[in-house]
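User: I am new to reading models of this kind. Could you explain the words used for them as we go?

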Amino acid sequence: MKSVLKTFLVLSTLRKVVNTNLLQTSLHNRPQPPSCRVSVPGSCYRMVHTKCREQFYHHRTDDGSFGQIGRFPVADDQVPWSVPLPAYKPVEFTAPFVLKAVWADPELGSEGFSPVWNSLDGKVNRVSHDGAYQVGEDDRPVNLMGRTGVVGRGVLGRWGPNHAADPVVTRWKRDNDGEKVKDDTSGKNVLEFVSIQRKDNGQWAIPGGMVDPGEKVSTTVKREFMEEALDSTGSAKENLGELKTMVEKFFAGGEEVYKGYVDDPRNTDNAWMETVAFSFHDSTGSSVGKFPLHAGDDAASICWMELNRNVSLYASHKDMLEMVVERLNAHW
């Protein structure tokens, strides 16, 4: 009996070691995601995996107030799964409102819930833009970018990738005579973009949002812009038809500038944000200028924000905007 038990323990331990090594090797050798525009090995972890390792994980409570939990601290060099961290004890957290939400996944192991990872699971897209992700022994998807200090889903609805779309709407800053404004130092034209202030944390952001099951990303960017920047579900309901026509016309010429992982403070080891960002630029100012900007329900405020390297924005939005600036050869 002791011999059988010893053999079982050895095989069990060996299985864990093999699985861990396979996971670490796979994540260590995977290609760098599109957002990693640097040549120093491993530096993309510091570039796109920072805000989701802040000291506290913030969340909304059932009564509408905001709370926070402490993350297990993860240093820059401890982020990759390829780096052994025996002392790693991430905090387990899934917000109560997520467990009750009809739009969210059930808990793993729930009756009738058998997600198909790395696939289009019915209408739910569980494919990552950055390639296949690993699934742990507990059947939980593993964050491709590494450790975050929190396990579970946090405030995110889906296990694995949670897909969003972000419309970057820009125009040239102009003076009172209608002439483009150039920066005194760089000599380049200055860009402005439509920015909303989030109600949950007060940070400024691109007016994007989550892709609904079965929805095309091109539909999401238009819907979210109308809801967040034009308040199409509130004060602008009466002009919905006119707004749709304006948005359809302007958004017909968008250009994809980014697709992949987002360094979002909501990310955990088992659930993370990914997005597709599109650039919509009004070179003359005659199209966007007609939009009656009005903050939607999820936004505290809205404005045309001047773009430069000093802007402080939510998640990876600054990185996406820098890509747009580079494409338009604008001031940064």
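User: Why is N308 called buried or exposed?

Analyst: This is a predicted model, in which local features need pLDDT of at least 70, side-chain atom pairs count only at pLDDT 80 or more, and totals for chains, interfaces and linings use all residues. Residues are numbered from 1 along each chain as its sequence is written, and side-chain values use heavy atoms, with hydrogens and water left out. Buried means under 20% relative accessible area, exposed over 50%, and partly exposed in between (1.4 Å probe, protein chains only). N308 has 18% relative accessibility, so N308 counts as buried.

User: What makes R140 and E92 a salt bridge?

Analyst: The term requires a side-chain nitrogen of Lys or Arg within 4 Å of a carboxyl oxygen of Asp or Glu. For R140 and E92 the closest N and O atoms are 3.1 Å apart, and the pair forms a salt bridge. R140 lies in the loop between β5 (124-125) and β6 (150-154) and E92 in strand β3 (residues 91-94), so the pair ties together parts 48 residues apart in sequence. Helices (H or I, at least four residues) and strands (E, at least two) are DSSP runs, numbered from the N terminus.

User: Why is R140 called buried or exposed?

Analyst: R140 is at 15% relative accessibility and therefore counts as buried. E92, at 47%, counts as partly exposed.

User: What makes E255 and R327 a salt bridge?

Analyst: Their side chains meet at 2.5 Å, N to O, in a salt bridge. E255 lies in strand β11 (residues 255-261) and R327 in helix α6, so this pair ties together parts 72 residues apart in sequence.
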